[in-house]
Amino acid sequence: MVSPAEPHRLRLHADTEVCAGAGQCVRAAPDLFDQDDDGLVVLLRTEVPAEARERALAAADWCPSGAVALRGPR
Amino acid sequence: MTPSVPERTGADEALRFPLTRSCPFTPPDAYQRMRGREGLTRAVIPSGEQVWLVARHADVRAALSHPAASSDARHPAFPALGEGEQAVAADLRPFIRMDPPDHTRVRRMLVGEFTVKRVREMRPAIEEICAEQADRLLTRTPPADLVGEYANRVSTTVICRLLGVPVEDLDFFRRITSVSGSRTSTEQEVNAALADLFGLIDRLIDEKSADPGDDLISRLATGPLARGEITRRSLLSQIGITLNAGHETSRNMIPLAALALLRHPDQLARLREDPSLWPGAVDELLRYLSVADVITLRVATDDIPLDGGAIPAGEGYIALLGAANHDPAAFPDPQKLDVARPQRNHVAFGYGAHQCVGQNLGRLEIEVALRTLFDRAPGLRPAVPLEELPLRSSSAIFGLEEVPVTW
């Protein structure tokens, strides 16, 4: 859910069940994503700061498996 | 076009596939027509089977990430392009030709080795390997072959070190792969080379089970194999495909990328001026050259709806990575090599759950191999006209057989 205080903020979701461990999210937005020792996606934060918006959109676009999703106003 | 192999068959208007490149740097011209019109093209592959070709960027991504996209080579409609390829893949079951949950289980045994972080830690080792191989190349009397004397040596050394193939077995491994990857090898020679490769891996699994080192084969032998999570036969196959895929792609990509930059001196000059452009340049070269164009062979287990129409359930299809990477809807002016291109969502490593597990290593290896080469040989240039370079077009990964260079 989008916080009422920050209605413009995107929120990140990561699904480790479908994650393919390609690391595309880390390449697109290393400030938002990491990989655990098994290569699976880890969120470094759930709210996307305004200045990271483009990187977050790229991460969701590059993710090959659909593991990375964004919720909130585009 | 010859009378025996017409571009189009009469009755059904189906195209003969695969197509050859008219220029080594660009996917086949016919892809442009395929992206237009209906977006899905019917084609006949060498086995005589009919398949669908997917050509648009959005369709290729959708067709590779759809839950009904099956990679299982045991399916009768699996559109194998090489003779005997389906039987071998159905028997050995490398994870690139598996579906979930089997695919997920095997891939997760490997993926931790290739994270962005782990690959970044490999940079000094790869720099050392490239420097050593560049020095070796440049002590020769030109011309020398950039494929055999540099790219192949770099790529085999990198993947063998990662997997734990000892240095003393490197020449043996290179001999095996030069046979198994050559278009002039007979089926018998290829089978003998594969048997040699499995013999080598089999021996290494024994040695590393008893005395593990800091390498992938040791971790797989003492982990999943020891715990009974994978059979020895499957492990042999997964290590074999990792070794092969890990070296053939870089071996083909590095010389082709070097030539592409030499043909675009303005782009090479930008990289010399601003080395921070290199990572983006590697992605642009991957997009532009698309050497793994026809690797993504699939069967639709249910109807797969695409913008260009639906792939019907039970039919084979090939998602053309090179066609997608040259789609002007995704990459404005796609024929232009632009090392600072902002669009980075190419599919040179595929898309979906099977996207290349070693892509981060591949990117780094290509970058370091090219930078080292251009730094140490500023006068590098081809020694023969481009038209004379023999293509490896029968290989699953596109490349040049040899690239004589001088400096």
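Me: What pattern does chain A follow when it is read along the sequence?

Reply: In this predicted model, chain A follows the pattern β-α-β-β-β-α-β. The chain has two helices and five strands. Of its 74 residues, 38% count as buried.

Me: Why is Val48(A) called buried?

Reply: A residue is buried if 20 or more other C-beta atoms lie within 10 Å of its own. Val48(A) has 24 other C-beta atoms within 10 Å, and therefore Val48(A) is buried. Its place is in strand E4 (residues 47–48) of chain A. Leaving aside residues up to four places away in sequence, Val48(A) touches Arg9(A), Leu10(A), Leu12(A), Leu32(A), Arg53(A) and Ala56(A).

Me: Which residues of chain A and chain B take part in the contact, and how many are there from each chain?

Reply: The contact takes 15 residues from chain A and 16 residues from chain B. On the side of chain A that touches chain B, helix H1 (24–28) and helix H2 (53–62) of chain A each supply at least two residues. The residues of that side divide into five nonpolar, six polar and four charged.

Me: What makes the buried residues of helix H4 of chain B line one face of the helix?

Reply: The buried residues of helix H4 (residues 102–110) of chain B are Val106(B), Arg107(B), Met109(B) and Leu110(B). Seen down the axis of H4(B), they fall within an arc of 155 degrees, so they line one face. An α-helix has 3.6 residues a turn, so residues three or four places apart point the same way. The buried residues of H4(B) pack against helix H10 (216–225) and helix H11 (232–263) of chain B.

Me: Why is H11(B) called oblique to H15(B)?

Reply: H11(B) and helix H15 (residues 359–376) of chain B pack at an angle of about 40 degrees, with their axes 10 Å apart. Angles under 35 degrees count as roughly parallel, and those of 65 to 115 as roughly perpendicular. The angle of about 40 degrees fits neither class, so H11(B) is oblique to H15(B). The contact of H11(B) with H15(B) has eight nonpolar, three polar and one charged residues. The crossing of these two helices is right-handed.

Me: How do you know that H13(B) and H15(B) are roughly perpendicular to each other?

Reply: The axes of helix H13 (residues 278–289) of chain B and H15(B) cross at roughly 110 degrees and come within 10 Å. Angles of 65 to 115 degrees count as roughly perpendicular, and H13(B) and H15(B) are therefore described in that way. In this contact, Trp278(B), Pro279(B) and Val282(B) of H13(B) meet Arg363(B), Ile366(B), Glu367(B) and Arg371(B) of H15(B). These residues divide into four nonpolar, no polar and three charged.

Me: Is Ser290(B) buried or exposed, and why?

Reply: Ser290(B) has 25 other C-beta atoms within 10 Å. The cut-off for a buried residue is 20 or more, so Ser290(B) is buried. Ser290(B) lies in the loop between H13 and strand E6 (297–300) of chain B. Although Ser290(B) is not a glycine, its phi is positive, at about 40 degrees.

Me: Is Asp333(B) buried or exposed, and why?

Reply: A residue is exposed if 12 or fewer other C-beta atoms lie within 10 Å of its own. Asp333(B) has 9 C-beta neighbours inside 10 Å, and so Asp333(B) counts as exposed. Asp333(B) is placed in the loop between helix H14 (321–325) and H15 of chain B. Phi of Asp333(B) is near 55 degrees, a positive value in a residue other than glycine.

Definitions and conventions. Residues are numbered from 1 along each chain as its sequence is written. Chains are lettered from A and ligands numbered from 1 in the order in which they are written. This is a predicted model: local features need pLDDT of at least 70, side-chain atom pairs count only at pLDDT 80 or more; totals for chains, interfaces and linings use all residues. Helices (H or I, at least four residues) and strands (E, at least two) are DSSP runs, numbered from the N terminus. The arc is that of the directions from the helix axis to the C-beta atoms. Two residues are in contact if their C-beta atoms, placed from the backbone, lie within 7 Å. Ala, Val, Leu, Ile, Met, Phe, Trp, Tyr, Cys and Pro count as nonpolar, Asp, Glu, Lys and Arg as charged, and the others, Gly among them, as polar. Axes are lines fitted to C-alpha atoms, for helices over the stretch in contact, and angles run from 0 to 180 degrees between N-to-C directions. Angles under 35 degrees count as roughly parallel, over 145 as roughly antiparallel, 65 to 115 as roughly perpendicular and the rest as oblique. A crossing is left-handed if the near helix is turned anticlockwise from the far one by less than a right angle, and right-handed if clockwise.
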